[in-house]
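Reader: I've got a protein model open and I don't really know how to read it. Could you walk me through some features, one at a time?

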Amino acid sequence: MYKQIQLRKGKDESLRRFHPWVFSGAILQMEEGIEEGDLVRVVTIDGTFIAVGHYQQGSIAVRVLSFSDVEIDAEFWHSRLSSALQMRLSIGIADNPDNNTYRLVHGEGDNLPGLIIDVYGDTAVMQAHSIGIHLMRKQIADALVTVMESRIHHIYYKSETTLPFMSKEDMNGFLYGSSDDNIALENGLKFRVDWLRGQKTGFFVDQKENRSLLERYARGKRVLNMFCYTGGFSFYAMRGGAELVHSVDSSEKAIALTKENVALNFPGDSRHEAYCEDAFRYLEKAGSDYNLIILDPPAFAKHRAALHNALKGYTRLNQKAFEKIEKGGVLFTFSCSQVVTKDHFRNAVFTAAALAKRKVRILHQLHQPADHPINIYHPEGEYLKGLVLYVE
């Protein structure tokens, strides 16, 4: 069947607890001829089967697809994708007329390491985070078309930024259908998805519930949305009755999309202004008349070596927001860095509050939504954390 990778003595313990990664240091020997992206059988030192998955170079050497000795074929992909869809149907995320935007597959959280699929209307955007998934993209797309039936008519593959060390050939493009209609619906609000050139799959679907929460706090508020990207928090704030909304991002492309999205929902509304500027520079010169601020920066740390500097960055950013926000204001602050734990992030924010000499109370502790599930055996999948704070 598949070539084998043998583990060192005792290095199978995490796999027996169903953790879906094999680290390179756990490997005793590999069968000759194994190449990056190959499907491999993982066995113990005495040859007992323990898992099957994709091999790739790096610290995570194998991403486990199954703990049963099965063939990874069309039937396998159909079964896993069906399971992912069924979960989202059972909790009311899929087939919702007010919301045709959701994550269908969330990597390890859906027992499909290396695979992300977001749905925007009748288009699914598929992204590979491993060579193995990239090599099987067409087989996965075929299974997706069957599983989703009439729900999708197009599949766009977008992996140029997630597999940068490979050839750019066939990294972006339609695997099924073709569509120029990139307007989707989230909780009744329209937004344009840039799946061609945008970050992630084109929109940050993981903030859907947190945007809804912000809407409830927005009435009469003067809102500053930092790192606005395509303006998700901004147009929720406007629907919530904000007095004014200022959106800030260092990317001109993001600001252009923010303006488009605001115009889709609130054409001609003078409450909104957008600024292309560095976040720290903008906060430095901002006045103290905002009473609702959103800090949703990109990941400050993508690996553990960057953790120390990332925490300093979170402290500095939040301190500046604490210094600027009006008395009685509300701060929504987030970290999407997987290596930054909830305790790390909370300590950075609390340090910032102390340095700014502000009294602060926690109103909510936020996390990723249900369509970004966390595999109970893979706690590393909990990456999004946030706090909603009342600042005296």
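Reader: Let's go straight to Asn187: is it buried, partly exposed or exposed?

Author: This is a predicted model, so keep that in mind as we go. Buried means under 20% relative accessible area and exposed means over 50%. Asn187 has 27% relative accessibility, so it counts as partly exposed. You'll find Asn187 in the loop between E12 and E13.

Reader: What is the phi of Asn187?

Author: General idea to start with: most residues other than glycine have a negative phi. Asn187 has a positive phi, near 50 degrees, and it isn't a glycine. Phe227 is another non-glycine residue with a positive phi, near 55 degrees. Phe227 sits in the loop between strand E14 (222–226) and H6. At 18% relative accessibility, Phe227 counts as buried.

Reader: And what about glycines in turns? Which glycine has a positive phi in the hairpin of E4 and E5?

Author: That's Gly47, with a phi near 90 degrees, in a hairpin that has 5 residues between the strands. The next hairpin to look at is formed by E5 and E6, with 4 residues between them, and there Gly58 in the turn has a positive phi of about 125 degrees.

Reader: How many bridges join E4 to E5?

Author: Strand E4 (residues 39–43) is joined to E5 by 5 bridges, and the two run antiparallel. To see one pair, pick Val42: its bridge partner in E5 is Ala51. E5 also pairs with strand E6 (residues 60–66), again in the antiparallel sense, over 4 bridges. Over there, Gly53 stands opposite Val64 in E6.

Reader: How many residues of E5 are buried?

Author: In a regular strand the side chains alternate between the two faces of the sheet. For E5 (residues 49–55), 7 of its 7 residues are buried, which makes the strand mostly covered.

Reader: Now a helix. Where are the buried residues of H7 around its axis?

Author: An α-helix has 3.6 residues a turn, so residues three or four places apart point the same way. Helix H7 (residues 252–265) has 14 residues, and its buried ones are Ala254, Ile255, Leu257, Thr258, Asn261, Val262 and Asn265. They cover an arc of only 160 degrees around the axis, so they are on the same side of H7. What they pack against is strand E13 (189–192), helix H6 (232–239), strand E15 (244–249) and strand E16 (272–276).

Reader: How far does H7 reach, and which residue caps its N-terminal end?

Author: From first C-alpha to last, H7 reaches 20 Å, close to the 20 Å expected at 1.5 Å a residue. The cap is Ser251: one of its side-chain oxygens lies 3.3 Å from the backbone nitrogen of Lys253.

Reader: What does the side chain of Asp249 reach?

Author: Start with the place: Asp249 is found in strand E15, and at 11% relative accessibility it counts as buried. Its side chain reaches two backbone nitrogens, that of Cys228 at 3.4 Å and that of Tyr229 at 2.9 Å. Here's how sequence and space can tell separate stories: Asp249 and Tyr229 are 20 residues apart in sequence, and their C-alpha atoms are 6.3 Å apart. Among the other contacts of Asp249 are Phe227, Ala254 and Ile255.

Reader: Which residue's backbone oxygen lies 3.0 Å from the side chain of Thr101?

Author: It's Leu185, whose backbone oxygen is that far from a polar atom of the Thr101 side chain. Thr101 lies in strand E7 (residues 101–106) and is buried, with a relative accessible area of 1%. Leaving out residues up to four places away in sequence, Thr101 touches several residues, including Val119, Tyr120 and Phe191.

Reader: And Asn182, what does its side chain contact?

Author: The Asn182 side chain makes a polar contact with the side chain of Arg192, at 3.1 Å. Asn182 is in the loop between strand E11 (172–176) and strand E12 (183–186), and it counts as buried at 18% relative accessibility.

Reader: Zooming out, how many helices and strands does the chain have?

Author: The chain has 10 helices and 20 strands. Its radius of gyration is 22 Å, close to the 21 Å that the globule rule gives for 392 residues, so the chain is as compact as a globular protein of that length. Buried residues make up 55% of the 392 residues.

Note on methods: Residues numbered from 1 in each chain as written. Predicted model: local features only at pLDDT ≥ 70, side-chain atom pairs only at ≥ 80, totals over all residues. Heavy atoms only, no water. Buried < 20%, exposed > 50% of the residue type's maximum accessible area, 1.4 Å probe, protein only. Pairing = 2+ DSSP bridges. Expected span 1.5 Å × (residues − 1). Arc of directions from axis to C-beta. Contact = heavy atoms within 4.5 Å. Polar contact = N/O pair within 3.5 Å; in protein donor to acceptor, adjacent residues only side chain to side chain. Rg over C-alpha atoms; globule rule 2.2 N^0.38 Å.
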